[in-house]
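Colleague: I am new to this structure and would like a close look at a single part. Please take me through the packing and pairing around one helix, and then outward from there.

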Amino acid sequence: MTPAKINPSSTINNKKTMQIFIVDDHPVVRDGLSTIINHEKDMNVCGEAESEYQAIKDISRLMPDIAVIDISLKDSNGIDLTKNIKINYPKIEIIVFSVHDESVYAERALIAGAKAYLMKDTISENIITAIRSVAKDNIYISTAMSRKLLHRFTGEKTAIKGLSIENLSDRELEVFRLTGQGFKAGEIGKQLFLSVKTIETYRARIKEKLNLPNASALLQYSIKWAKMEKDS
């Protein structure tokens, strides 16, 4: 496991400098974000991590103002990490980013405690604006997502690409997504640190919630959804 990267300047006592912690399992992404953020005079990347374990370990010591977290991590996912951070360190604000469709994950990220959700293909353009918005205790999401949430609150029914998956829990959605990517129950269990029996229980709940008749239908449905998500 690659050691977490700590910026020595994070030890400087400068109340005007926002301390940012980045969590992503790709070094190129972390380096790119660090370059953009550190270019701002009032911002400093105080640390980086590639996994939830590293993130929690170093965040507890560095206590950044804001954590910027990718949803897809080596040992967990950004939604679970967001929940973990907000439970233990509620004053730390969270920005979640991902390649995954914001119509599926943005609301889940906000419910978990994040203040912003960014699509990965636009993060370099929007990360500074998102950080400044979150620092002022504002929520930062796209205009399209804001409209979707507004419609939800006003009672307008919405659909996600014709696939009714909004009723799935965060863990069920993760199992559904990995199933669609071709992973078997044992492989999913290893990724999520769960038993095969537990994965099969989640799959049974997914079939019930999606009104699918059998495991074959679940597999076809999840593959279709995973492909649409990838192509979006």
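Modeller: What follows starts at one helix and works outward through its partners. Keep in mind that this is a predicted model.

Start with helix 7, which spans residues 170-180. Phe 176 sits in this helix. The structure holds one aromatic pair. Phe 176 and Tyr 221 form that pair, in an edge-to-face arrangement. Their ring centres are 6.0 Å apart, with 75 degrees between the planes. Tyr 221 belongs to helix 10, residues 215-231, so the pair ties together parts that lie 45 residues apart in sequence. Both Phe 176 and Tyr 221 are buried.

Helix 7 also carries charged residues. Asp 170 meets Lys 83 in a salt bridge of 2.8 Å, N to O. This pair links distant parts of the chain, since Lys 83 is in helix 3 (residues 78-88) and Asp 170 is in helix 7, 87 residues apart. Lys 83 is partly exposed, at 32% relative accessible area. Asp 170 is partly exposed too, at 23%.

Next comes Glu 172. Its side chain meets that of Lys 209 in a salt bridge, 2.8 Å from N to O. Lys 209 lies in helix 9 and Glu 172 in helix 7, so this pair ties together parts 37 residues apart in sequence. The two ends differ in exposure. Glu 172 counts as buried because its relative accessibility is 3%, a value under the 20% limit. Lys 209, at 42%, counts as partly exposed.

Elsewhere, salt bridges with shared partners join Lys 86, Glu 93, Lys 115 and Asp 137 into one network. The count of salt bridges comes to 15. Another of them lies within a helix: Arg 61 and Asp 58 meet at 3.2 Å, N to O. These two are three residues apart in helix 2, so about one helical turn separates them. Arg 61 is exposed, at 53%, whereas Asp 58 is buried, at 8%.

Now return to Phe 176 and the core. The largest nonpolar core has 44 residues, and Phe 176 and Ile 85 touch the most other members. Helix 4, residues 102-112, gives the largest share of this core, with five residues. Apart from it lies another core, of 20 residues, which includes Ile 20, Ile 66, Ile 95 and Ile 131. Beyond its neighbours within four places in sequence, Ile 85 is in contact with Ile 56, Ile 59, Ala 67, Ile 69, Pro 90, Ile 92 and Ile 94.

Ile 69 leads on to Phe 97. Leaving aside neighbours within four places in sequence, Phe 97 has contacts that include Ile 69, Val 68, Ile 71 and Asp 24. Phe 97 is in strand 5, residues 93-98, and counts as buried at 0% relative accessibility. Phe 97 and Asp 24 are 73 residues apart in sequence, yet 9.5 Å apart in space, C-alpha to C-alpha.

Two loops deserve a last look. Phe 193 lies between helix 8 (185-192) and helix 9 (196-210). This residue has a positive phi of about 60 degrees, although it is not a glycine. Phe 193 is exposed, with 61% relative accessible area. Met 63 lies in the loop between helix 2 (52-62) and strand 4 (66-70). Its phi is positive as well, about 50 degrees, and Met 63 is not a glycine. Met 63 is partly exposed, at 41%.

How values were computed: Residues are numbered from 1 along each chain as its sequence is written. This is a predicted model: local features need pLDDT of at least 70, side-chain atom pairs count only at pLDDT 80 or more; totals for chains, interfaces and linings use all residues. Side-chain values use heavy atoms; hydrogens and water are left out. Helices (H or I, at least four residues) and strands (E, at least two) are DSSP runs, numbered from the N terminus. Buried means under 20% relative accessible area, exposed over 50%, partly exposed in between (1.4 Å probe, protein chains only). Rings of Phe, Tyr and Trp (its six-membered ring) pair if their centres lie within 6.5 Å; planes under 30 degrees apart count as stacked, over 60 as edge-to-face and the rest as tilted. A nonpolar core is a set of buried Ala, Val, Leu, Ile, Met, Phe, Trp, Tyr and Cys residues joined through side-chain atoms within 4.5 Å. Contact means heavy atoms within 4.5 Å. A salt bridge is a side-chain nitrogen of Lys or Arg within 4 Å of a carboxyl oxygen of Asp or Glu.
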